Amino acid sequence: MLSRAEIIDEILALAPAGDFGADPGPVRARLWELTSTLIRSYDADEPITVDPMEIYRQRAVPLETAALADFLRGKRVLVTGAAGAVGAEVVEALVNRLPTGSICALDLRESPIPAGAENRVVPVIADIRDIEATGKVFAEFNPEIVYHLAAQREPGLAEFETALTITTNIGGTRNILTLCDQFGVDICVHASTGKAARYYTPDIYAGSKKVAEWMIAEEAPSLSTKIGLVRFTHIAENSIVFDDFRRKVAAGVLNIHEPYRLMYVQSMSEAVALVLNTTLYVDDEDATLVTVGDLGWPLDILRLALHTIAVSGQEVPLCFMGLPAGYEKHTFLGQLDWSDPGKTHPMLNALESDAAHLTEDEGMMISRPSHPAVPVATEIERLCADVECADVEDRSVHKKRLADFLQWGCRATFESSNPAQRMRILMWGCDPDVLAREGATVQDLGPVVPLLVDSLRGARFDAVRDGLNVDRMARTLRGLAEVPELKPMVDEITTVSGGVPTSA
């Protein structure tokens with residue numbers, strides 16, 4: 001019997017990039033044989049009909065009901081994106097579990113009103129990109145608390161609707177911050193994504209969310225409004241991936257990106273609790289970053305795909321189409337803080353881990369978002385203006401403009417940390433031995449490595465003083481110097497052993 005790896009290799013060879021070739025009939029038949037064998041293999045571990053999402057749906061972060069009730073009693077609350085999955089659940093929780101006053105449910109389409117809440121919930125149709133129209137809503141409703149969930153949230157769609165995504169997720173958020181400050185809103189909680197934890201991200205959705213985080217982090221200390229920022233990951237009850245798999249099964253072929261991909265998943269209950277609980281944790285100074293305390297094990301996407309086929313009862317072959325634009329094949333391991341297992345969290349980068357701490361019940365992780373060491377507001381204004389004046393269909397221009405901005409901000413974010421921390425990040429992510437185990441090269445890691453190395457030009461390290469492992473640092477820099485574009489930068493980094501090597 002073929003092993004799983006052998007089955008996957010044959011599927012990849014039969015239909016590279018999901019192409020069945022000139023004679024698809026025999027290819028389709030063989031792909032179904034292989035898919036059936038793969039389903040049986042997974043079924044031997046655990047019944048394939050068991051929904052792999054169910055374990056995530058059952059998880060919860062405790063909603064701090066008593067403290068929230070005391071704080072929100074009678075207050076006017078505005079929820080943007082109230083017709084969306086999370087927004088609608090936030091409105092329902094405010095109506096049924098907390099003694100708030102009136103609630104304004106704002107969205108591009110009419111928001112659902114929970115049963116019996118017609119006198120408390122005011123649905124309003126408005127576009128957050130239109131500051132004048134949204135300003136009228138603020139003026140009429142005079143909110144005290146704002147939960148900002150409006151966004152273009154679909155990564156695949158974002159690659160096509162580039163202008164809409166950038167102007168909504170960045171420009172719309174800028175408008176909400178401006179109006180919160182102008183109308184004296186006490187607290188604004190902004191919904192972001194775990195993908196924004198990456199130092200640099202090439203896709204439009206996560207990139208736009210990351211720029212919004214930079215803007216929030218910069219502006220928060222000067223605003224009269226206290227700002228909370230919540231990072232979500234994939235939500236089980238609102239799964240774009242699961243819905244996409246079911247559509248593909250109905251169409252007769254399920255193609256997924258790659259065979260060995262994992263993703264973190266959380267429940268809707270966790271998402272709603274994070275948004276509302278964050279109200280209690282914001283402070284008067286910096287933006288407060290909140291995420292799930294423990295995300296548990298990530299989900300095997302291949303198992304989810306096979307489950308979707310199995311429960312359909314249809315003979316639907318599986319194939320792999322490769323990674324689309326905006327997805328990275330190899331993860332830069334310097335993304336995470338590896339100095340202490342307690343600091344390693346998939347929704348926080350290494351620059352954010354020092355400030356991180358769990359809440360008393362360990363349901364939430366609290367930190368501060370990393371951001372550039374230079375002002376970004378003017379550059380963000382230019383970015384939005386450039387996208388707004390460009391042709392709506394000129395996606396390549398939008399993507400390049402956002403990518404250039406993100407790379408500039410990434411380098412400036414590295415410069416906000418001390419050089420020793422940056423060197424640790426470089427060693428965690430670019431140690432040749434680690435890259436060899438991952439089957440990756442420095443070039444596979446994208447622009448983040450040149451940006452990080454460039455930020456270290458002129459730096460001088462004393463291993464003992466800086467707490468760095470001499471051998472690992474030397475090995476990493478030697479490996480980087482073998483890349484022609486990096487060698488001039490590496491040559492400007494000075495290292496001194498200083499004595500006995502220490503651990504990085």
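Which residues does Leu 426 touch, not counting residues up to four places away in sequence? In this predicted model, Leu 426 touches Asp 431, Leu 452, Val 453, Leu 456, Thr 476, Leu 477 and Leu 480, once residues up to four places away in sequence are set aside. Leu 426 and Leu 480 also appear together among the residues with the most contacts inside the largest nonpolar core, which has 81 residues; Tyr 199, Val 211, Phe 332, Met 423 and Val 449 complete that group. A second core, separate from this one, comprises 42 residues, including Ile 103, Val 121, Ile 145 and Ile 235.

Nine strands are arranged in an open sheet of mixed pairing, and their order is β3-β2-β1-β4-β5-β6-β11-β15-β14. The edges are taken by β3 (121–125) and β14 (357–358), and because each has a single partner strand, one side of each is left without a neighbour in the sheet. Strands of a sheet pair through backbone hydrogen bonds, in either a parallel or an antiparallel manner. Within this sheet, strand β11 (residues 288–292) and strand β15 (residues 364–367) run antiparallel and are joined by four bridges, with Leu 289 standing opposite Ser 367 in β15.

Two helices may be described in relation to the sheet. Helix α6 (residues 131–141) lies across β1 (77–80), β2 (103–107), β3 and β4 (145–148), and runs at about 175 degrees to β2. Helix α8 (residues 162–182) also packs on the sheet, where it touches β1, β4, β5 (187–193) and β6 (226–232), and its direction makes about 175 degrees with that of β4.

Helix α11 (residues 268–277) is mostly covered, nine of its ten residues being buried. The buried residues in α11 are Met 268, Glu 270, Ala 271, Val 272, Ala 273, Leu 274, Val 275, Leu 276 and Asn 277, a list that includes the charged residue Glu 270. Strand β10 (residues 265–266) contains Gln 266, which has a relative accessible area of 0% and is therefore buried. A polar atom of the Gln 266 side chain lies 2.8 Å from the backbone nitrogen of Thr 233. A contact between a side chain and a backbone nitrogen is likewise found at Asp 462, where a polar atom of the side chain lies 3.2 Å from the backbone nitrogen of Val 464. Asp 462 is placed in strand β16 (residues 460–462) and, with a relative accessible area of 23%, is partly exposed. Between the C-alpha atoms of Asp 462 and Pro 432, which are 30 residues apart in sequence, the distance in space is 21 Å.

Side chains of opposite charge can pair when their charged atoms come close. The count of salt bridges in the model comes to 34. In one of them, the side chains of Glu 46 and Arg 303 meet at 3.8 Å, N to O. Since Glu 46 lies in the loop between α2 (24–45) and α3 (54–57), whereas Arg 303 belongs to helix α12 (residues 301–312), the pair ties together parts that are 257 residues apart in sequence. The two partners are not equally accessible, for Glu 46 counts as partly exposed at 38% relative accessibility, while Arg 303, at 12%, counts as buried.

A salt bridge within a single helix is formed by Glu 54 and Arg 57, whose closest N and O atoms are 3.1 Å apart; both residues lie in helix α3, three residues apart, or about one turn of the helix. Glu 54 counts as partly exposed at 34% relative accessibility, and Arg 57 as partly exposed at 23%.

A further salt bridge joins Arg 368 to Asp 283, with the closest N and O atoms 2.3 Å apart. Arg 368 is located in the loop between β15 and α13 (377–389) and Asp 283 in the loop between α11 and β11, so that the pair ties together parts separated by 85 residues in sequence. Arg 368 is partly exposed, its relative accessible area being 28%, and Asp 283 counts as partly exposed at 24% relative accessibility. In addition, Arg 411, Glu 415, Asp 454, Arg 457 and Glu 492 are joined into one network by salt bridges that share partners.

Key: Residues are numbered from 1 along each chain as its sequence is written. This is a predicted model: local features need pLDDT of at least 70, side-chain atom pairs count only at pLDDT 80 or more; totals for chains, interfaces and linings use all residues. Side-chain values use heavy atoms; hydrogens and water are left out. Buried means under 20% relative accessible area, exposed over 50%, partly exposed in between (1.4 Å probe, protein chains only). A polar contact is a pair of N or O atoms within 3.5 Å; within protein, one must be able to donate a hydrogen and the other to accept it, and residues adjacent in sequence count only if both atoms are side-chain atoms. A nonpolar core is a set of buried Ala, Val, Leu, Ile, Met, Phe, Trp, Tyr and Cys residues joined through side-chain atoms within 4.5 Å. Contact means heavy atoms within 4.5 Å. Two strands pair if DSSP finds at least two bridges between them. Axes are lines fitted to C-alpha atoms, for helices over the stretch in contact, and angles run from 0 to 180 degrees between N-to-C directions. A salt bridge is a side-chain nitrogen of Lys or Arg within 4 Å of a carboxyl oxygen of Asp or Glu.
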